[in-house]
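Please work through the following exercises with the sequence and the model open side by side. Each exercise gives a task, and a worked solution follows it.

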Amino acid sequence: MNRILLLLWICGSAFVLQAQNLRNNPSSNHGNKFEQLGTILPDANTYRAASGAPGHQYWQQQADYKIEAFLDEANLRLHGDEQITYHNNSPDVLSYVWLQLDENQHQSNAESNNFDGSEKSYPLSVGQLEGLEFRKNLEGYGVNILSVTDTFGNPLKYTINQTMMRVELKSPLKSKSKFSFRIKWNYKIPERMKIGGRGGYERFGSDSNCTFTISQWYPRMCVYSDYQGWNHKQFTGRGEFSLVFGNFEVNMKVPADHVVGSTGTCSNYAEVLTKEQLARWNKAQTATEPIEIVSLEEAKQRELNPIKGQYKIWKYKAVNVRDFAWGSSRKFVWDAMAEPVESKKVMCMSYYPKEAYGLYRKYSSKVVAQTIRTYSKFTIPYPYPVAISVEAASGMEYPMICFNFGRTEEDGTYSARTKYGMIGVIIHEVGHNFFPMIINSDERQWSWMDEGLNTFVQFLTEQEFDNNYPSSRGPAHKIVDYMRLPKNQLEPIMTNSENIIQFGPNAYAKPATALNILRETVMGRELFDYAFKEYCKRWAFKHPSPADFFRSMEDASAVDLDWYWRAWFYDIEPVDISLDSVFVFRADVPKAPLEKFETRRSRPEPEEFIHVSRQRNLASGMVFLVDKDTSLRDFYYYYKPTTDTSSRRVNRYESTTPITEADFEKYKDKYYYELHFSNKGGSVMPIIVEWTYEDGTKEVEYINAYIWRKNEKEVIKTFAKDKKVVGIQLDPYKETADIDERNNAWTKELTPTAFELYKSKTLGRGQYDDANPMKKARQGN
């Protein structure tokens, strides 16, 4: 007994001395990772409260538009005549207003076309050589402003600076006042598949029948806000949009045989549809399966017999939206179905050319409905009357409408990569209705606030579509390769959109991963879901900033997350927690020395493990869409690729320490494990320990990240166990994005050779195989 007391006294003294030394002699082991963000965040004020909610004096501007548009298909030009009514709800007096001319991005003299470096690669391609003469390829592009006048026709002075236009007012616009003015303009519509950009037209080979995706097409008001004044940062093509809410009335004059899909609701279907099409539209109002309003055969006939020189006007209205976009083509097939959201109906619709029919007819509108349903559960109920997916060989989002990709091969087959890529992009772009179309963050400054948050809820939606959905972003282990990159290729999530080096991982994947780790590992689903939904409710139809998000998540959960925002959003250090050594001891009568066992290298687990999100989905009894609607099952639902299932070898260790005979019975069945951890990556995270016992059972323990608060580089934790441990594994479900799994285990396994790792990684791609096994299966039959 005395020996045990002595051992415990020595251990306790060591812990006290260690804490005292840290306080009296601070070293690099004790940094500021757990300090509050403090002055890093802007001060709260009457416009933005310290809780993260809008302040009691919060305000935002409004801009209403009435636009007459003419699509000149023959000359590939778009003409517009618009009236803007600008409401100054700010406490400030304005002497001028700023508008965005996004199509000037395509001007030959646009600064953004020449401010990135370029390096020749080998072998050289024709496209690379043409890119060096970009100015020649951009001749004639950009917005032509014909006039800017007040509503009485009096000219207003204006100045154009690249993609921004300043309009000077005849008299200052006072607070709580409004001002209306008129702009006439036109521009050459870009062939976006050649010169890039989000809006434009697409040719189909030598076919003269094009699809038009009309976006960023009209002069749009810039945001004037409480925290930055005018947001007139130039549009360079990457940082997207910062826009004002308002109401739209838009009339689109297009060729008579075109079909138009648009933001808002159409008020004259009876004038532009045939009698049969109008009947189908009325039937779709209660349909739970997509109904073709414009059929495939009708679209094919229009392509074969285009109408020249005749036009129809499609009239649309949209209320409380930040933007307006539309698509137009005689190639479009159009289907629709109704999806109930609380007490109202949302029409989920898809427009697509015949080249996409094999995929879009089966999936698109149903995926739209699934997205609206799932996002409404995790954020706010979808408030708009329609949600549209348009196939346009792209991926871009606007209120109520988005442009996506997904076409079959000529024989009707498609690869799994195409199928899941299409479903993923539809979910993502439809999901953008919530971020940033409703929760209206500043994309020009902070891409992650819409792309990252949207990608996170996209992951949740994919998992509810199919628990085996091959999500490429969201699970922690998917971000590991990015986090392993050299520091000169990384930057914090809190980086301006224009300055990000690795845009996809930094703006999409890393913030989505950070939120998934918060939900599954740091906060738990219940606390996270409540706080995330509270943020969405607070900032729906408003302009949130990063500080509003950070503060709302803490305010609604009572979880101090400043350390987490520092690690994941303000820093670039990766997670790499190492299990350096294990001391094992137990009470026993025989006297034996205390032995130390060093960490043994562990082979990474195969990619096909069931990550924690999937396990919890199954445990919760979640019913997946592919099970409720078996028509969504296809070849790839049953297809299972070959995987590597190599077995693991475990080596067992134990030692003993002296104990008295009298107390042997009390301690004889106990095992004590002292684990030594080091933070090799730099980012503090919870320590997750999985114990494997001799009887084959397992136990997982979660140790809060606060264990690192007094020493951010090394910690020691001792555990008492009733059973003998034969294996210890850190982060068994890959929840923390640990970049080096080789130092995560107490066991002995062979490290894969470079060839084996490459082979395993290739096999692990599984359902993303581009070899198109569907085609092989058909050929085999």
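The exercises below concern a predicted model, and they go from the whole chain to single residues and backbone angles.

**Exercise 1. Describe the protein as a whole: its secondary structure, its burial, its contacts and its surface.**

Solution. Begin with the secondary structure, which comes to 21 helices and 33 strands. Next, consider burial: of the 781 residues of the protein, 56% count as buried. Then turn to the contacts with a separation of 6 or more, of which 77% are between residues 24 or more positions apart. Finally, the protein exposes about 33,600 Å², and carbon and sulfur atoms supply 51% of that area.

**Exercise 2. Work out the strand order of the open sheet of four strands that contains β3, and say which strands stand at its edges.**

Solution. Start with the pairing of β5 and β6, which is antiparallel and extends over four bridges; within this pair, T159 stands opposite R166 in β6. The two strands form a hairpin with two residues between them, and Q162 in the turn has a positive phi of about 55 degrees.

Continue from β6 (residues 164-173) to β3 (residues 94-100), which run antiparallel and are joined by six bridges. The register can be followed at individual residues, since Y96 has E168 as its bridge partner in β6, and V97 has V167.

Placing β10 after β3 completes the order β5-β6-β3-β10, with antiparallel pairing. The edges are therefore β5 (158-161) and β10 (220-221), each of which has a single partner strand, so that one side of each is left without a neighbour in the sheet.

**Exercise 3. Decide whether F378 is buried or exposed, and find which residues it is in contact with beyond its neighbours in sequence.**

Solution. First locate the residue: F378 is found in helix α8, which covers residues 357-378. Its relative accessible area is 10%, and because buried means under 20%, F378 counts as buried.

Leaving aside the neighbours within four places in sequence, F378 is in contact with V457, L460, E464, R519, D529, F532 and K533. A further step is to compare sequence with space: F378 and Y530 are 152 residues apart in sequence, while their C-alpha atoms are 8.7 Å apart.

**Exercise 4. Carry out the analogous analysis for T211: in which strand does it lie, and is it buried or exposed?**

Solution. T211 lies in strand β9, residues 207-214. At 2% relative accessibility it is below the 20% cut-off, and T211 therefore counts as buried. Apart from its neighbours within four places in sequence, T211 is in contact with G200, Y201, E202 and F204, and also with S328, S329, K331 and F332.

**Exercise 5. Find how many cavities of 30 Å³ or more the structure holds, and characterise the lining of the largest cavity.**

Solution. A search of the whole structure finds eight cavities of 30 Å³ or more, and the largest cavity has a volume of about 80 Å³. Of the 13 residues that line the largest cavity, those closest to its centre are A476, N516, V612, K734 and E735.

Now assign the lining to elements: α12 (503-522) and α16 (612-619) are the ones that give two or more residues, and the largest share, four residues, comes from α12. By class, the lining of the largest cavity has five nonpolar, five polar and three charged residues.

**Exercise 6. Examine the backbone at Q216, A393 and the bond between F435 and P436, and place each residue or bond in its surroundings.**

Solution. As a point of reference, most residues other than glycine have a negative phi, and most peptide bonds are trans. Q216, which is not a glycine, has a positive phi of about 45 degrees. Q216 is found in the loop between β9 and β10, and at 6% relative accessibility it counts as buried.

A393 is likewise not a glycine and has a positive phi of about 55 degrees. Its place is the loop between β21 (386-391) and β22 (396-398), and with a relative accessible area of 28% A393 is partly exposed.

The last step concerns a peptide bond: the one that joins F435 and P436 is cis, with an omega of about 15 degrees. P436 lies in the loop between α9 (416-431) and α10 (448-465).

Key
Residues are numbered from 1 along each chain as its sequence is written. This is a predicted model: local features need pLDDT of at least 70, side-chain atom pairs count only at pLDDT 80 or more; totals for chains, interfaces and linings use all residues. Side-chain values use heavy atoms; hydrogens and water are left out. Buried means under 20% relative accessible area, exposed over 50%, partly exposed in between (1.4 Å probe, protein chains only). Contact means heavy atoms within 4.5 Å. Accessible areas come from the Shrake-Rupley method with a 1.4 Å probe; for residues, only the protein chains shown count as cover. Two strands pair if DSSP finds at least two bridges between them. On a 1 Å grid over the protein atoms alone, a cavity is a set of points where a 1.4 Å probe fits but cannot get out, and a pocket is an open set with protein on both sides within 12 Å along at least five of seven lines; lining residues have an atom within 4 Å of a point. Grid points are joined across faces, edges and corners, and a volume is the space filled by probe spheres set on the points. Ala, Val, Leu, Ile, Met, Phe, Trp, Tyr, Cys and Pro count as nonpolar, Asp, Glu, Lys and Arg as charged, and the others, Gly among them, as polar.
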